[in-house]
Each structure stands twice: as C-alpha cells, then as structure tokens.
Amino acid sequence: MMIRESNMNFGKFEDSQVFQIEKCEQYQKGLKLKGIKSCEFILRKGKKLYFVEAKTSCPKQITADSSEEKIKKYHDYVNDILSKMKHSLNLYSAILLNRYPSEDVSETMRSNDLSNLEIMFVLVVKNAEKEWLAPFADVFNKALYSELQIWKPSHFL
C-alpha cells in the first residue's frame, strides 16, 4: 500500500500495517461531522505505532515582535495538529474497546496485545526549513504532556 497525503508519498506498507483513520467510516460518517479531527493514518511498524499527520507547510516560529495575526495563525496551526493527534489516539482506542465497529482495522492493528508498542506522534512537513521544525517538537511535547504521561509515547517527532 502506498499512501499519498499533502503531495507526499508514504510507504510501501502492507495493508495490514496501516489504519487509514482519516478515511474510515466511523470518522467520515459520524465523528468528522461533529468537529472531531483526525491524523492521516496510523502505521504499525515493528514495535512502534505511528500516528502520522502530513502538511505541505508550517509557519515559522513566532517571536516577541511577531504580529498578532502571525501569532494567531501559529497557535491555530499548533492546536489543529494537537487536536488531530489527541482525537486520533482516542478514536483508535475507542475502536479497540469496541465502542465503534472495527471492520476498517486490520487484525494486525487490533491485535489483543498492543502493550509492547511504542506510540509515536509524527508530523511530516513537506516545505519547511529544518530550523523551523525543532521548536515545533518542543511546543508539541509540552502541549501533549498529559498524553505523553498517560500513554507513554516517547515524544513528538
């Protein structure tokens, strides 16, 4: 399976390794209409479970002299990504707890014992300078502190 998001190609993955949460029926026909957000897909690879969000661009880091408009756009961008990650983790967990049907989720992705998997939140930005991304990791790691403590992912990439 090849996944194309934000003008980028991800994979070649086995179908069983990927849950395209953004395209699943539970999300598309119900939750999306209620303001719930979703990352692009969830990938199980080795001992890791990646929650992947793809963007074509990202704003530069804000500074003390940034305009109010730039500050607002920056915070809106960050909050959108945070919501997508949190909501995706919650929806995936709810599916595993049988709160929603699991027919869109492969047996590999709903294995009985996922306890040994490391959860990774990943933001991939196609058109960003490397120095823009390091501050984002810090912002997201701080904003996701509670989730990082509860779910024990190592960090936001």
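These legends describe close-up views of a predicted model.

**View 1. Helix α3 and its span.** Helix α3 covers residues 130-143. That is 14 residues. The distance from its first C-alpha to its last is 21 Å. The expected value, at 1.5 Å a residue, is 20 Å, and the two are close.

**View 2. The two faces of helix α3.** Which residues of α3 are buried? They are W132, F136 and F140. These residues cover an arc of only 60 degrees around the axis, which puts them on the same side of α3. An α-helix has 3.6 residues a turn, so residues three or four places apart point the same way. The face turned away from the buried side of α3 carries exposed residues. They are K130, E131 and K142. What do the buried residues of α3 pack against? Their partners are α2 (68-96) and β6 (118-127).

**View 3. Helix α2 and the residue after it.** Helix α2 has 29 residues. At 1.5 Å a residue, α2 should span 42 Å. Its end C-alpha atoms are 42 Å apart, which agrees. N98 comes just after α2. Its phi is positive, at about 65 degrees. Most residues other than glycine have a negative phi.

**View 4. The largest pocket.** The space in the largest pocket is about 260 Å³. Which residues line the largest pocket? The lining is made up of L49, L89, Y92, S93, L96, L97, L114, S115, L117, I119 and W151. Helix α2 gives the largest share of this lining, with 4 residues. By class, the lining has 9 nonpolar and 2 polar residues. It has no charged residues.

**View 5. Tyrosine Y92 and its contacts.** Y92 is part of helix α2. It is also one of the residues that line the largest pocket. Is Y92 buried or exposed? Its relative accessibility is 3%, so Y92 counts as buried. Leaving out residues up to four places away in sequence, Y92 touches F19, I21, I42, L49, F51, V105, M109 and L114. Two of these contacts, L49 and L114, are in the pocket lining as well. S102 is 10 residues from Y92 along the chain. The C-alpha atoms of Y92 and S102 are 9.4 Å apart.

**View 6. The loop between β1 and β2.** This loop lies between β1 (3-5) and β2 (8-10). S6 has its place here, and N7 does too. What is the phi of S6? It is near 50 degrees, a positive value in a residue other than glycine. Phi of N7 is near 60 degrees, also positive in a residue other than glycine. The relative accessibility of S6 is 23%, so S6 counts as partly exposed.

**View 7. Serine S57 in strand β5.** S57 belongs to strand β5, which covers residues 48-57. Its relative accessibility is 40%, so S57 counts as partly exposed. Which residues is S57 in contact with, leaving aside neighbours within four places in sequence? They are Y77, V125 and N127. A128 is 71 residues away from S57 along the chain. The C-alpha atoms of S57 and A128 are separated by 5.8 Å.

Methods: Residues numbered from 1 in each chain as written. Predicted model: local features only at pLDDT ≥ 70, side-chain atom pairs only at ≥ 80, totals over all residues. Heavy atoms only, no water. Expected span 1.5 Å × (residues − 1). Buried < 20%, exposed > 50% of the residue type's maximum accessible area, 1.4 Å probe, protein only. Arc of directions from axis to C-beta. Contact = heavy atoms within 4.5 Å. 1 Å grid on protein atoms, 1.4 Å probe; cavity = no way out; pocket = protein on both sides within 12 Å on 5 of 7 lines; lining within 4 Å. Points joined across faces, edges and corners; volume = space filled by probe spheres on them. Nonpolar A, V, L, I, M, F, W, Y, C, P; charged D, E, K, R; others polar.
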